[in-house]
Amino acid sequence: MGKVVLVTGVARQLGGRFVRRIQRDPQVDRVIAVDAVLPEHHLGEAEFVQADIRQPTIARVLAEHSVDTVVHMDVTGIALGGGSRTTVKETNVIGTMQLLGACQKSPSVKRLVVKSSTNVYGSAPRDPAVFSETTPPKSLPSGGFAKDTVEVEGYVRGFARRRPDVAVCVLRFANILGPSADSPLASYFALPVLPTVFGYDPRLQFVHEDDVIEVLRIASHDPQRGTLNSGTFNIAGDGVLLLSQCARRLGRPTVPLLLPALSWAGTAVRTLGVTDFSPEQLRLLTHGRVVSTNQMRETLGYKPRYSTAETFADFARSRGPGLLPPEALAGAVDRIAALRFVGGGHPPTLSAN
């Protein structure tokens with residue numbers, strides 16, 4: 001008898017992709033796909049169960065199907081189908097509590113994988129240059145999705161103490177991008193003009209959605225020889241990009257604003273439904289965030305296929321050209337920089353892009 005894997009949050013594109021991928025693994029016998037919303041995409045041979053994880057009925061689903069592996073992907077920062085922020089928070093926090101309560105009572109559950117986020121570290125001016133999995137945040141997130149993830153991880157740690165026989169893996173993903181990315185940051189980069197915080201150029205990390213799927217798959221199985229997939233892991237592509245570099249590679253002009261003005265603009269675009277310009281995203285666009293991925297490589301044994309720059313390049317290709325062609329913009333910046341060397345010295349050799 002192969003594994004019986006239950007996956008939450010399958011109505012989202014990422015959840016649907018993971019369901020289609022995991023059922024191709026030979027050691028997986030059945031996949032139970034769960035969401036409160038009927039998915040618009042195909043789920044392959046998976047059995048879809050329309051259930052709200054905020055309700056106690058999720059315990060019956062686990063029992064009826066003798067689920068042994070739970071992959072909790074329904075922790076997200078953006079509403080599905082026009083839902084409100086309240087609904088998102090309830091699903092993230094109350095839904096996780098109900099799911100963990102059901103797992104605790106289920107004797108068949110042997111492995112739990114939770115999709116979390118590097119948002120748990122927050123973004124603050126006194127942050128360390130690089131966060132490791134054991135680095136405490138300088139300032140705990142005060143609201144939004146970041147606070148949800150902190151609460152979710154707290155409940156997961158409590159579950160791990162109560163059920164030490166269950167292998168628990170928490171995956172803290174950096175900003176997820178790719179051709180089908182659906183996140184507040186992806187919506188921000190889709191704006192024709194990018195508002196930025198005057199005087200700041202934050203460092204950002206990205207992880208490709210293909211790498212997200214593969215890491216989730218590795219975490220849902222028994223560990224390979226020489227690796228360990230229980231514990232907490234930062235997941236991100238190699239390297240970092242500055243926000244200014246992202247804007248140039250997208251061909252998007254930037255408008256530097258003082259933080260109060262940007263906060264006001266964020267409230268306006270959020271009210272209009274253009275993008276979720278939340279306070280936590282403003283802090284990210286001010287101070288940035290970089291995490292260490294040593295544990296991902298040395299303990300989990302995974303090397304991402306895409307670096308941060310390659311992830312962003314794939315995302316940029318899927319979004320089409322911006323108002324300013326990246327090549328022309330980079331060339332213009334180089335020419336302006338070279339003017340300083342007229343009459344002596346050597347021009348710069350590295351492109352501004």
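1. A crossing of two helices is called left-handed if the near helix is turned anticlockwise from the far one by less than a right angle, and right-handed if it is turned clockwise. In this predicted model, H7 passes H11 in a right-handed crossing.

2. The geometry of this helix pair may be stated as follows. Two packed helices are described by the angle between their axes and the distance between the axes. Helix H7 spans residues 243–250 and helix H11 spans residues 308–319; their axes cross at roughly 35 degrees and come within 10 Å.

3. Which residues meet where H7 and H11 are in contact? On the H7 side they are Cys-246, Arg-249 and Leu-250, and on the H11 side they are Ala-309, Phe-312, Phe-315 and Ala-316. By class, this contact has 6 nonpolar residues and 1 charged residue, with no polar residue among them.

4. The sheet deserves separate comment. It is open and is formed by 7 strands with parallel pairing, in the order E3-E2-E1-E4-E5-E6-E11. Strand E3 (47–50) and strand E11 (231–235) are the edge strands, each pairing on one side only. On average, and with direction ignored, neighbouring strands of the sheet are turned by 20 degrees against each other.

5. Within this sheet, strand E4 (residues 69–72) and strand E5 (residues 111–117) run parallel and are joined by 4 bridges. Thr-69 has Arg-111 in E5 as its bridge partner.

6. Two helices that pack on the sheet should be noted. Helix H3 (residues 85–105) touches strand E1 (3–8), E4 and E5, and its direction makes about 175 degrees with that of E4. Helix H6 (residues 209–219) touches E4, E5, strand E6 (167–173) and E11; the direction of H6 makes about 165 degrees with that of E6.

7. Helix H3 also contributes to a pocket. The second largest pocket has a volume of about 250 Å³, and H3 supplies the largest share of its lining, 4 residues. The lining comprises 15 residues, of which Arg-12, Asp-35, Val-37, Thr-87 and Thr-91 lie nearest the centre of the pocket. Divided by class, the lining has 5 nonpolar, 5 polar and 5 charged residues.

8. How many cavities of 30 Å³ or more does a search of the whole structure find? The search finds 1, and about 30 Å³ of space lies in the largest cavity. Its lining is made up of Thr-118, Ala-174, Asn-175, Gln-205, Arg-289 and Val-291. By class, this lining has 2 nonpolar, 3 polar and 1 charged residues. Arg counts as charged, so Arg-289 is the charged residue in the lining of the largest cavity.

Conventions: Residues are numbered from 1 along each chain as its sequence is written. This is a predicted model: local features need pLDDT of at least 70, side-chain atom pairs count only at pLDDT 80 or more; totals for chains, interfaces and linings use all residues. Side-chain values use heavy atoms; hydrogens and water are left out. On a 1 Å grid over the protein atoms alone, a cavity is a set of points where a 1.4 Å probe fits but cannot get out, and a pocket is an open set with protein on both sides within 12 Å along at least five of seven lines; lining residues have an atom within 4 Å of a point. Grid points are joined across faces, edges and corners, and a volume is the space filled by probe spheres set on the points. Two strands pair if DSSP finds at least two bridges between them. Axes are lines fitted to C-alpha atoms, for helices over the stretch in contact, and angles run from 0 to 180 degrees between N-to-C directions. Contact means heavy atoms within 4.5 Å.
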